[in-house]
Amino acid sequence: MAGRAGRVVFAFGLVACVLTGCVKAGEGAEVVRGTPSARTIPFDLYTHCGIDEARIGSTYYEAETPLSDGSGNPPEGWGNPTQRGTMTLESETEAVFTDDAGHEVKFRARPGASAFKRICA
């Protein structure tokens, strides 16, 4: 009987942990509270020619509002060639990059894309 009681307590604890968002959704990712399907991963955003595209896994995304200094570089206050932050995958087609500097860029998946739109030199 003690074995069954132990399994019940373990199962209850596991369910409580899942409901409060303390279970990891994958290596380097975490469940975001309030949005059960969202997960956040550490992300180095390539910024060298401005902020326009991102590749997450095998999916290519484009920024809803591309950012640049007007000369094909990242805007003032962004790292170059990359900016370290996190990418929150809000759905299969939407992602949001944020960092400690307060930057936020929303991205949308490009259905059927198998490469970046533009290769930056």
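## Disulfide, salt bridges and pocket in a predicted model

A disulfide joins C49 to C120, with an S to S distance of 1.6 Å. The structure described here is a predicted model. A search of the whole structure finds one disulfide. C49 lies in the loop between β3 and β4, while C120 belongs to the segment after β8, so the bond ties together parts that are 71 residues apart in sequence. The torsion about the S-S bond of C49 and C120 is about 65°, and the disulfide is therefore right-handed. C49 has a relative accessibility of 17% and counts as buried, because the cut-off for buried is under 20% relative accessible area.

C120 also takes part in the largest pocket. This pocket has a volume of about 220 Å³. Its lining comprises 14 residues, and those nearest the centre of the pocket are Y46, E53, F116, R118 and C120. Strands β3 (35–46) and β4 (51–56) each supply at least two residues of that lining. By residue class, the lining of the largest pocket holds eight nonpolar, five charged and one polar residue.

The next topic is charge pairing. Side chains of opposite charge can pair when their charged atoms come close. In the whole structure, the search finds five salt bridges. Three of them are set out below, each with the separation of N and O.

| Salt bridge | N to O distance |
|---|---|
| K117 and E62 | 2.8 Å |
| R108 and E64 | 2.8 Å |
| R108 and E94 | 2.4 Å |

In the salt bridge between K117 and E62, the closest N and O atoms are 2.8 Å apart. K117 lies in the segment after β8 (104–109) and E62 in strand β5 (residues 59–67), so this pair ties together parts that are 55 residues apart in sequence. K117 is partly exposed at 46% relative accessibility, and E62 is partly exposed at 29%.

Strand β5 also holds E64, which forms a salt bridge with R108. This pair links distant parts of the chain, with R108 in strand β8 and E64 in strand β5, 44 residues apart. The relative accessible area of R108 is 37%, which makes R108 partly exposed. E64 is likewise partly exposed, with a relative accessible area of 38%.

R108 has a further partner in E94, their side chains meeting in a salt bridge at 2.4 Å, N to O. Here R108 lies in strand β8 and E94 in strand β7, so the pair ties together parts that are 14 residues apart in sequence. E94 is partly exposed, with a relative accessible area of 28%. Through shared partners, salt bridges join E64, E94 and R108 into one network.

Strand β7, where E94 lies, is also part of a hairpin. β6 and β7 form this hairpin with four residues between them. Strand β6 (residues 82–89) pairs with strand β7 (residues 94–98) in the antiparallel sense, over four bridges. In one of the contacts between these strands, the bridge partner of L89 is A95 in β7.

Taken together, the segment after β8 contains K117, which pairs with E62 in strand β5, and C120, which is tied to C49 in the loop between β3 and β4. Strand β8 itself contributes R108, which is joined with E64 and E94 in one salt-bridge network.

Methods
Residues numbered from 1 in each chain as written. Predicted model: local features only at pLDDT ≥ 70, side-chain atom pairs only at ≥ 80, totals over all residues. Heavy atoms only, no water. Pairing = 2+ DSSP bridges. Salt bridge = Lys/Arg side-chain N within 4 Å of Asp/Glu carboxyl O. Buried < 20%, exposed > 50% of the residue type's maximum accessible area, 1.4 Å probe, protein only. 1 Å grid on protein atoms, 1.4 Å probe; cavity = no way out; pocket = protein on both sides within 12 Å on 5 of 7 lines; lining within 4 Å. Points joined across faces, edges and corners; volume = space filled by probe spheres on them. Nonpolar A, V, L, I, M, F, W, Y, C, P; charged D, E, K, R; others polar. Disulfide = S-S within 2.5 Å.
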